[in-house]
Amino acid sequence: MQGIDREWIVRKTLFVMAMMAVLGVLLIVFFVAREAMPAFTQAGPANLFSSAWDPAGGRYGMLIFITGTLTTTVGGLLLGAPLAIGSALFLTQMAPRRVRSFFTRVVELLAGVPSIVLGWLGFTVMVPWIREATGSPGTGILAASIILAIMVLPTITAISKDALEAVPRSYLDASLAMGATRWQTVRRVLIPSAKPGLLVAVILGMGRAIGETMAVALVIGPATAYPTSLTSPTHTLTTKILMEMGESTGVQRSALFAMGLVLLLLSMALIVLVRAVTRERREAA
Amino acid sequence: MTRRKSLGIATALSLAVVLALVLGAAGCGDKGGESPAEPEKPKLSGTLNLSGSTTVLPLAQEAADMFMDENPDVTVNVQGGGSSVGISNVAEGVVDIGNASRGLKDEEKSLGLVDHEIALDVIVVIAHKDVEVDDLTADQVFGIFSGKITNWKEVGGKDAPITVVVRDEASGTREMFDEKALKKEKPKEGAIECNSNGVMRQTVSSTPNSIGYISLGYLDGSVKALKYGGVQGSKETAVNKTYPLSRYLHMFTKGEATGLAKAFIDFVLSDRFQDEVVAKEYIPMTEI
Amino acid sequence: MSGLEVKTVEEEGLRVEVAAGLCESRDERLERVIRQHIERHKRRAAAADRAFTAATWAVAAVALGILAFIVITIFARGLGTALNPGFLFGKPQAIKEGGGIWPMVVSSFYLAALTVAMVVPVGVGAAVYMSEFAREGRVTRLVRLGADVLSSVPSVVFGIFGMVLFVVYLGLGYSLLAGALTLTLLNLPTVMRTSEEALRAVPVSYREASLALGASRWETVKRVVLPSAAPGITTGAVLAVGRIVGESAAVIYTVGIFVRKIPVSPLQPAAPMAAHIWHTYTEGALVSDWMRIANGEAAFLLLLVLALNLGARLLTRALAKKTGTVKGNE
């Protein structure tokens, strides 16, 4: 009897632990939304989703920051995704065994580099380079995109590698046996079969880029203005929140939480997208 | 079997415990304060919490250290967060003292906070070293930072576009500058924002034809300090009120300061702290 | 009379039957044209293949180059400072130059210890539930969705959430505990995933043997499954330490950015290295040697994180060898 009871208690305890992740999500959504409420009731959505950010004048528009987030993310993916998928192809198709395990470590170590360290490197080394090359202040979309490319590289590489490895060996063997070269096999067999997985990798990389804060904060500029060129400073959602949270009150503070809510919704939308792609793949298989 | 089980989770946990012990021990080792408290003073004890402006943070930390050395039974915790955080924290009673690099906003004036000015900060207009201009009138500064003047030749320099660098909106320095130098207008759109004095100095020193502003304490040879309306920003000119670009750093208490909070603020305003520490980077209250 | 001879040319998947014999010269020409065609095709394919090979190696070299560049530059600029005992064990300065970072180092480890002490039990418990107790169904789908969403939440959002809930609402103030609670949520999905992978890698036969001997499910987990999965779980925990030590956005508004005394109680504010680098970049620049301090701190932080990452792998291998169990997480 006692044994059964203990088993029951253990089971329930473990269940509660498992539900912590769900509880965490609910808490985060609840508290961020609660703090964001005044911005929606007092400033209103039309104000919040406008281009003008001027708290002193009662304007709390976040479109500049959304634009900043999207441009730096796209920039980071354009630079980072080909590099990452190339690395995954190298890992799965080209690298000799020893090189493969070495290179896997390299990617893992890259994933471990703290974002503040990368940001510091960007601020002290990369920004001056860009400054000298272009005569601009050096901070901005370009610098942020390069940093983000490095940040998303390990994520996309790791997931792409899994996707490529998930393609049955027999497909590749069949293609090679028919006399196709390795590149032909990769292009016509491997990549098409792994496409949904590669897509998932890029989407998750995108999520990483959207949420990245510190590394971007040190190289983005910042400036509360739309970017007009690759080297014009701007702001992203994350950097605006980071830099102004401590120095704002009232509706302004609430508007920053509204930006947090937008970030939350963006990353949740990406998760839904990933799930849709994965489900499609499962059904197709 | 049991021993094996402990490997995974317990390695991590014991790591935690060992670390905590090591750090605890290290913490004890650090405590040997040496300065004797004055005998006639009543012995202070308890915990004092401060939060707020990151600009005031270094000063407050220094004060806390010296105060704890004098009063070994007192613990002073200083946290950052930002001016607004400090003000709302002290109003809510979360902390005893709220630090701010700006005065109270209109909506904060009803919170029942008492202001203690602890230092005067002078803001100096700076430019890249290669800029030939030495002196700008108040109107010229207004014109440049609001975007009406865009080329150095309009103010007597060489023919080169001006790169305007300002502080971020969260900054108390920016607030003061916008109010006094920009007559509450907004700075030029697309100006580079720097989120600290250090970054401002770095940016202006490395961007040709740029102009910005920093606290006097951060001024060094890497940038050129410009006169404002013919007056060089300095301790003397700020004290005799000929130089207008300055702001106070504040500590706020809920109601009049009492007990430990009063003792701490008195210490911050004491000649010793003002002359030894505040005077290094700011203008001490003793000189005003 | 030999009749009509049929020659077969077979190359690279192309198969052409050529009628030969009637008119030798035409036949030869035809064969030559076809062979040329095939050759060209082959050459092009081979060239493309070589280009592909070169491209992937080049990409790999770039990735390696990036890591090397990061490590070499950060170390070149700061390792000299970082490994100087006067800096590493020194007291931070707010106004004067010559400050050290020891309270920040302590803060980072203290925060990591507190967080790991919370996130590992919960994460492993959740993983045990998912792999050993739960039947695949609505609950597991919900938990997986929760973990996926949680792992996608940006760290700065964790930071402002932690500030609202733990710092203000629960009144913990800026403190190690508030930060550790925030980071527990942040790291929960990864710890859950690595632990679950480690648990699932334990062969079913182990469980069956234990259950057949009359052990209950929990006893089986406790005595057989968890010990076998220990290397994988430990790797996950060490990697979590690396992430905690490197985290800054979630820490700035929950723990603090600058302290001068070593934090003793979990309820005290602290300043983990990553957050302190941010402070040094912003207001910390009041001290004239702020560049030196941030360079040194960044170098030490990177060194620590690299050591933790490499250490995790070595530990896994060592534990796997020692316990003779399956590798959970490789």
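Which side chains meet in a salt bridge at 3.0 Å, N to O? In this predicted model, the partners are Asp148(C) and Arg275(A), whose side chains come together across two chains. This pair gives a starting point for looking at the interface of chain C and chain A, where the rule finds 2 salt bridges and, with both residues at pLDDT 80 or more, 10 residue pairs in polar contact. The largest share of the side of chain C that touches chain A comes from helix α1 (residues 24-82) of chain C, which supplies 20 residues. Sorted by class, that side of chain C has 58 nonpolar residues, together with 14 polar and 10 charged ones.

The extent of the interface can be described in two ways. Counted by residues, 82 of chain C are in contact with 77 of chain A; given as area, about 7,100 Å² is buried between the two chains, and carbon and sulfur atoms give 80% of it. Within chain C, the residues that lose the most area to chain A are Phe52(C), Trp278(C) and Tyr281(C), which together make up 9% of what that side buries.

A second interface can be followed inside chain B, which is divided into domain 1 (46-120 + 248-287) and domain 2 (122-246), with their C-alpha centres 28 Å apart. Here 9 residues of domain 1 of chain B are in contact with 9 residues of domain 2 of chain B, and the area buried between these domains is about 860 Å², of which carbon and sulfur atoms give 55%. Between these two domains the rule finds 0 salt bridges, although 1 residue pair is in polar contact, with both residues at pLDDT 80 or more. The side of domain 1 of chain B that touches domain 2 of chain B divides into 4 nonpolar, 1 polar and 4 charged residues.

Terms used:
Residues numbered from 1 in each chain as written. Chains lettered and ligands numbered in written order. Predicted model: local features only at pLDDT ≥ 70, side-chain atom pairs only at ≥ 80, totals over all residues. Heavy atoms only, no water. Contact = heavy atoms within 4.5 Å. Buried area = accessible area lost by both parts, 1.4 Å probe. Salt bridge = Lys/Arg side-chain N within 4 Å of Asp/Glu carboxyl O. Polar contact = N/O pair within 3.5 Å; in protein donor to acceptor, adjacent residues only side chain to side chain. Helix = DSSP H or I, 4+ residues; strand = E, 2+ residues; numbered from the N terminus. Nonpolar A, V, L, I, M, F, W, Y, C, P; charged D, E, K, R; others polar. Domains from an automatic or database assignment.
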